[in-house]
Amino acid sequence: MAEFKCEVLTPKRQFFSGMVEAVTCTLADGEMTIWKDHAPLLAALEIGELRFKQNGTWQTVYAAEGFIEVRPDEVLIFTQGCERPEDIDEARAEEEREQAMEKLRQKQSLVEYHQTQIALSRAMAMLRIKRGHR
């Protein structure tokens, strides 16, 4: 299988750098899989799963919002945060989900409402990935 270089960068660190066969990410209108020789692209990432195919095996991680840049020879992914399923603290994510759900029940400004929706999306994506990894 043809491979290409992929890098995932967060504000704090380089999360991943290596050769992959494919990358699947979550965009606003659904998932997109990038294979070798994909057309150049710049797209916004949504909160959700980020999957890498290496040696015929898919690995799934949590990715926060960000963007993906597909270049002729590599794929660069810039995200606000990224975690492997085994590094996700399920209790923390569940607590964040419950707090966001409670805040949604309260009267909020439009900005606060959107921030709470983002927090809820993050927590639910982490829980989905953590629980799916078992």
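Here's a short walk through this predicted model, from its nonpolar cores out to a patch on its surface and then to one buried glutamate.

Let's start inside. The largest nonpolar core has 21 residues, and the members that touch the most others are Cys6, Val8, Val23, Leu50, Phe52, Ile68 and Ile77. Plenty of strands chip in: S1 (4-9), S2 (14-20), S3 (22-27), S5 (41-54), S6 (57-63), S7 (66-70) and S8 (74-79) each supply at least two residues. S5 gives the most, with four residues.

To get a feel for the packing, pick out Cys6. Leaving aside residues up to four places away in sequence, Cys6 touches Phe16, Ser17, Gly18, Val20, Val23, Phe52, Val75 and Ile77. There's also a second, separate core of nine residues, with Ile47, Ala64, Ile88 and Leu127 among them.

Now head for the surface. Met1, Trp35 and Trp58 form a nonpolar patch there, and together they have about 370 Å² of accessible area. Trp58 sits in strand S6, and because its relative accessibility is 36%, it counts as partly exposed.

Last stop: Glu83, in strand S9 (residues 82-83). Is Glu83 buried or exposed? With a relative accessible area of 17%, Glu83 falls under the 20% cut-off, so it's buried. Setting aside residues up to four places away in sequence, Glu83 touches Phe15, Val61, Tyr62, Ile88, Arg92 and Met126. With Arg92 there's something extra to look for: a polar contact of 3.4 Å joins the two side chains, Glu83 to Arg92. Ser109, on the other hand, is 26 residues from Glu83 in sequence and 30 Å from it in space, C-alpha to C-alpha.

Note on methods
Residues are numbered from 1 along each chain as its sequence is written. This is a predicted model: local features need pLDDT of at least 70, side-chain atom pairs count only at pLDDT 80 or more; totals for chains, interfaces and linings use all residues. Side-chain values use heavy atoms; hydrogens and water are left out. A nonpolar core is a set of buried Ala, Val, Leu, Ile, Met, Phe, Trp, Tyr and Cys residues joined through side-chain atoms within 4.5 Å. Buried means under 20% relative accessible area, exposed over 50%, partly exposed in between (1.4 Å probe, protein chains only). Contact means heavy atoms within 4.5 Å. Patches are made of residues with over 30% relative accessible area and no salt bridge: like charges are joined within 9 Å, nonpolar side chains (Val, Leu, Ile, Met, Phe, Trp, Tyr) within 5 Å. Accessible areas come from the Shrake-Rupley method with a 1.4 Å probe; for residues, only the protein chains shown count as cover. A salt bridge is a side-chain nitrogen of Lys or Arg within 4 Å of a carboxyl oxygen of Asp or Glu. A polar contact is a pair of N or O atoms within 3.5 Å; within protein, one must be able to donate a hydrogen and the other to accept it, and residues adjacent in sequence count only if both atoms are side-chain atoms.
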